[in-house]
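This report introduces a structure to a reader who has not met it before. Please look over the sequence and the model before reading on.

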Amino acid sequence: METASTLDRATLDALRESVAGVLAEQCGSTELHAFIDGKNTLDKMLWAQAGQLGWLGLGIPEQFGGLGMGAQGLAILHGELGRQSSPGPYIATLSAAQTIVETGGQAICQTWLPRLASGDISAAVPATLDVRGLTRSGTRVSGTLRCLGAADAAFVLAPTDDAWVIVDMAEAEVTAAPMWDRTRDVIDVSLKDATPLGILPDAAATRAALTRAMALAVAADSAGGARSITERTIAYMKTREQFGQPIAGFQALKHRAADLATKLAVADEMVRHAVQRTMTDEPDAELWALLAKSEVTEACVFVTTDCVQLHGGVGFTWDFDPHIFLKRARLNEVLIMANTALRDQAAAALAAITTSGRSALELEI
Amino acid sequence: MSILNAQHDLSAFRQEIRKWLAEVVPPDWKGRMARASNEEYIAFQRWWMGERSKVGLAIPHWPKEYGGGGLSQRHLITIADEIARADAPQNRLFTISLIHMPGTLLPHGTEVQKRRYLAGVAKGEVWCQGFSEPNSGSDLASLRTRAVRDGDHYVVNGQKIWSSNSMYADHCLLLTRTDPNVQKHRGITYFIMDMRSPGVEVRPIRQANGRAEFGELFLSDVRIPAENMIGAENNGWRVAQATLASERGVISFEGGERQRYEIEAFYRKSLKVGAAWLRDAQLHREFVSFLAEMQAARRLLRRVLEESETPQASASVLPSIVKLSSTVLRQRICSFMVRIGGVDGQAFALLAEEPFGSPMFDFLSAFSGTIAGGTNEIQRNIVAERGLGMPRV
């Protein structure tokens with residue numbers, strides 16, 4: 001149910017600037033390190049702000065209290081959150097919201113979307129989607145799922161054998177599962193004979209919608225993070241002197257930096273391409289979202305790994321930024337599904353489109 | 001009839017081109033060219049230029065006052081896209097004539113030069129480029145071919161290399177050293193050289209892919225009239241930047257689109273015949289990754305075109321980034337084709353009839369992308385220094 005058109009560049013640039021401005025001020029390196037060391041509640045503070053500024057409703061249609069900017073607006077938000085490695089349950093909550101928009105139906109949309117758009121509540125979703133779902137017995141569901149989302153999320157959007165359900169977290173036993181990436185919350189959600197608050201009966205469409213929303217979110221987050229740590233690394237290389245000169249002057253390192261810049265340019269276009277195909281609701285939108293996630297998260301792992309190395313000794317310390325981005329990149333890489341599995345799905349989608357006599361490679365001139 | 005008559009309606013313009021291509025492009029041209037001698041290939045290229053000329057598509061990108069079509073970039077992109085879609089021949093023999101020569105003369109040539117030389121191209125005049133020398137490749141500004149003033153002429157001595165199609169060229173865009181006693185960029189002068197001048201000798205260079213597109217130029221006491229100078233004496237380096245920048249345009253876009261149609265045709269055929277590689281999950285994954293990179297590369301090429309019409313274009317490193325990503329991708333795709341092609345894929349064959357039908361030829365040819373037009377190593381320097389602001393030491 002995406003808007004069948006794309007937004008103009010000025011609107012998008014204005015959005016990017018405003019999000020970037022707020023995050024640069026509130027979620028700089030110092031605040032982020034303090035958060036990681038448990039010295040502030042940056043995640044809560046940012047979340048409250050995000051709700052007030054309308055960020056959490058960017059992808060939600062206006063009739064449900066959002067701004068109706070679809071995948072394009074969301075990609076900008078996730079890209080900027082990635083740039084600052086911002087903590088908070090954005091991928092889980094915003095992807096759950098997009099899924100509800102697509103397959104939730106009127107009643108569920110009306111119940112949940114306005115509260116999600118305002119930041120009043122957050123949501124949890126399975127960290128990987130190819131896991132065994134909850135078991136359903138009559139109207140009740142049971143089982144344990146490892147989820148992406150905050151411990152105080154209002155609900156979890158979870159698969160059962162034949163549908164997806166929205167379950168109140170008050171009915172769940174929630175255990176935090178601390179990750180190496182401290183900017184993300186992962187939780188184990190255990191349910192025992194819980195009664196769902198809502199049912200999304202089209203399991204396949206719901207799974208596809210959540211896969212696509214998460215794929216676009218993770219890809220945008222990775223592209224933003226990769227660009228940011230590359231910029232920080234190059235800035236460092238210009239100040240770090242060895243052999244009587246800034247190490248940024250050494251050709252061996254310049255060439256690596258140029259290769260990183262090239263990877264970033266390609267990654268950005270992969271995200272934009274997938275987002276645009278989603279905005280105009282093309283039959284190949286799923287294919288490009290799956291590929292954007294698999295390609296861009298791997299590029300981001302490469303880039304963040306190289307940024308640790310390009311920093312030298314300090315790149316391996318807790319006090320510098322590279323490890324934060326590297327850890328976030330590694331978690332992004334494995335979310336939704338293994339990239340090999342995503343590529344297998346993409347290959348199947350490509351074959352289906354091609355066999356039907358269409359092209360998956362159309363591009364506007 | 002000129003297709004340009006339909007230019008006011010872009011989709012009608014596209015249909016006209018498509019119709020014309022369907023009529024004019026010989027279906028078996030690739031097969032014929034795969035077996036053709038150099039002479040047959042050249043004759044074919046001239047024929048193709050003649051056909052384009054008949055419908056107004058020889059020089060559609062030039063200003064009207066110099067005989068061109070004065071078309072917008074959108075039109076040029078449409079032409080390139082249709083030519084790629086139809087798998088019509090490239091204008092390889094005329095690349096320098098159509099792209100580099102006007103890219104240089106339009107901003108820097110005299111009115112007399114523009115009138116005389118631009119008009120010649122529509123009649124089939126072939127140009128080549130005399131830039132690189134055996135000892136001046138990546139370090140182009142160190143070139144040593146000497147030009148010494150002698151009355152109203154310059155006398156040129158030296159050697160040029162990697163000059164595409166110079167064996168068939170009528171004119172050459174030539175860089176020479178006129179002042180050896182100043183900083184290397186400041187003593188260079190740019191000339192138009194008549195390739196039939198006494199003292200010009202051309203020897204073809206056979207490439208690793210079996211073809212001989214390049215030539216080596218030996219220049220002994222070649223006399224060039226002073227009026228053939230482009231720009232001022234010792235200002236040739238600046239003029240040369242215009243030549244190099246002209247490669248960034250629609251020509252690379254066409255290459256990207258060609259690859260799209262090629263890879264799509266290859267994939268369709270693979271599905272149809274149930275090719276063995278489709279049953280290998282890892283190869284299949286690699287293939288879809290290529291497609292993702294290819295779409296990104298095509299989008300980047302569009303951005304370069306968009307940017308080329310803005311004032312910031314000359315300072316942008318995006319063309320270098322595009323070259324780095326798309327030439328390496330081409331190499332990897334061709335390498336993939338060699339791997340899945342088995343022993344048959346390495347059977348000796350030039351220019352394949354089918355897309356990727358001679359994988360080894362395509363793989364070897366892909367080096368022209370990573371080496372020609374400024375090696376990828378030079379592009380990395382450009383990206384790092386001009387784009388990322390890393391210091392030059």
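Where is B:Asn135 found? B:Asn135 sits in the loop that runs between β1 (127-130) and β2 (146-150) of chain B.

## Model and confidence

The model described here is predicted. For the complex, the predictor reports an ipTM of 0.95 and a pTM of 0.95. Chain B has a mean pLDDT of 93, with 99% of its residues at 70 or more.

## Single residues of chain B

B:Asn135, introduced above, is exposed, because 11 other C-beta atoms lie within 10 Å and a residue with 12 or fewer is classed as exposed. Its C-alpha atom is separated by 9.5 Å from that of B:Ile161, and the two residues are 26 residues apart along the chain.

B:Trp162 belongs to strand β3 (residues 153-164) of chain B. B:Trp162 counts as buried, because it has 21 C-beta neighbours inside 10 Å and the cut-off for a buried residue is 20 or more. The phi of B:Trp162 is positive, near 60 degrees, in a residue other than glycine. B:Asn165 occupies the loop between β3 and β4 (171-177) of chain B. This residue is not a glycine either, yet B:Asn165 has a positive phi of about 55 degrees. B:Asn165 is also buried, with 24 other C-beta atoms within 10 Å.

## Helices of chain B

Helix α6 (residues 111-122) of chain B contains B:Val121. B:Val121 is buried, since 26 other C-beta atoms are found within 10 Å. Apart from neighbours within four places in sequence, B:Val121 is in contact with B:Ile59, B:Ser97 and B:Leu98. From B:Val121 to B:Phe287 the C-alpha to C-alpha distance is 41 Å, and the two residues are 166 residues apart in sequence.

Helix α10 (residues 318-341) of chain B has 24 residues, which at 1.5 Å a residue should span 34 Å. Its end C-alpha atoms are 34 Å apart, so the model agrees with the expected span. Just after α10(B) comes B:Gly342, whose phi is positive, about 60 degrees.

## Domains of chain B

The domain assignment divides chain B into domain 1 (3-90), domain 2 (127-235) and domain 3 (249-387). Between domain 2 of chain B and domain 3 of chain B, the C-alpha centres are 31 Å apart. Contact between these two involves 5 residues of domain 2 of chain B and 6 residues of domain 3 of chain B. On the domain 2 side of this contact there are 1 nonpolar, 3 polar and 1 charged residues.

## Helices α5 and α6 of chain A

In chain A, helix α5 (residues 90-103) has 14 residues and reaches 20 Å from its first C-alpha to its last, close to the 20 Å expected at 1.5 Å a residue. Because 13 of the 14 residues of α5(A) are buried, this helix is largely enclosed by the rest of the structure. A:Gly105 follows α5(A) and has a positive phi, near 80 degrees.

Helix α6 (residues 105-118) of chain A holds A:Gln106. Is A:Gln106 buried or exposed? A:Gln106 counts as exposed, because it has 8 C-beta neighbours inside 10 Å. In sequence A:Gln106 and A:Asp130 are 24 residues apart, while in space they are 27 Å apart, C-alpha to C-alpha.

## The largest nonpolar core

In soluble globular proteins, nonpolar side chains tend to be buried together. The largest nonpolar core of this model has 204 residues, and those that touch the most other members are A:Val156, A:Leu216, A:Ala219, A:Val271 and A:Ala292. Helix α7 (residues 203-239) of chain A gives the most to this core, with 16 residues.

With neighbours within four places in sequence left aside, A:Ala292 is in contact with A:Ala215, A:Leu216, A:Ala219, A:Met270, A:Val271 and A:Ala274.

## Contact between the chains

How many residues does the contact take from each chain? Chain A gives 34 residues and chain B gives 33 residues. On the side of chain A that touches chain B, the elements giving two or more residues are α7, β10 (245-246), α8 (251-279), α9 (285-311) and α11 (339-355) of chain A.

The largest share of that side, 13 residues, comes from α8(A). By class, the side of chain A that touches chain B comprises 17 nonpolar, 9 polar and 8 charged residues.

Definitions and conventions
Residues numbered from 1 in each chain as written. Chains lettered and ligands numbered in written order. pLDDT = per-residue confidence, 0-100. Core = buried A, V, L, I, M, F, W, Y, C linked by C-beta atoms within 7 Å. Helix = DSSP H or I, 4+ residues; strand = E, 2+ residues; numbered from the N terminus. Contact = placed C-beta atoms within 7 Å. Nonpolar A, V, L, I, M, F, W, Y, C, P; charged D, E, K, R; others polar. Domains from an automatic or database assignment. Expected span 1.5 Å × (residues − 1).
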